[in-house]
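Hello,

I am passing a structure on to you, along with some notes on what turned up in it. Have a look at it first, then read on.

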Amino acid sequence: MTNATKAVLEGGPDDLPQRIVPLTTPGSDLKIPFRGGYEHFKATTRHQETAEGELPVYEWWERTEIPG
């Protein structure tokens, strides 16, 4: 059974504090605040079995800096 309220993050910085994160809109890109910027993740068609059930996998694709 798929749990569409959370996602697994793949790629990006090795020291991201969480690899399972909440989803507000399944299928939409995720923007995770981290170290003065944002890590961007895109939805894939893959799913991964976790301790929290089967979750969609989101893949890292870029980082943007927060101005200031």
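To start with, is Glu10 buried, partly exposed or exposed? Glu10 counts as partly exposed, with 30% relative accessibility (buried means under 20% relative accessible area, exposed over 50%, partly exposed in between, with a 1.4 Å probe and protein chains only).

A word on the source: this is a predicted model, in which local features need pLDDT of at least 70 and side-chain atom pairs count only at pLDDT 80 or more, while totals for chains, interfaces and linings use all residues. Residues are numbered from 1 along each chain as its sequence is written, and side-chain values use heavy atoms, leaving out hydrogens and water.

Now the sheet. Five strands (DSSP runs of E, at least two residues, numbered from the N terminus) form an open, mixed sheet in the order 2-1-5-4-3; two strands pair if DSSP finds at least two bridges between them. Its edges are strand 2 (20-22) and strand 3 (30-34). Strand 3 pairs with strand 4 (residues 37-50) in the antiparallel sense over five bridges, and Leu30 stands opposite Phe41 there.

There are six salt bridges (a side-chain nitrogen of Lys or Arg within 4 Å of a carboxyl oxygen of Asp or Glu). Glu10 forms one with Arg46, with the closest N and O atoms 2.7 Å apart. Because Glu10 is in strand 1 and Arg46 in strand 4, the pair ties together parts 36 residues apart in sequence. Glu10 and Arg46 also belong to a salt-bridge network with Glu59. Another salt bridge joins Glu52 to Lys6, at 2.5 Å between the closest N and O atoms.

Best wishes

Conventions. Helix = DSSP H or I, 4+ residues; strand = E, 2+ residues; numbered from the N terminus.
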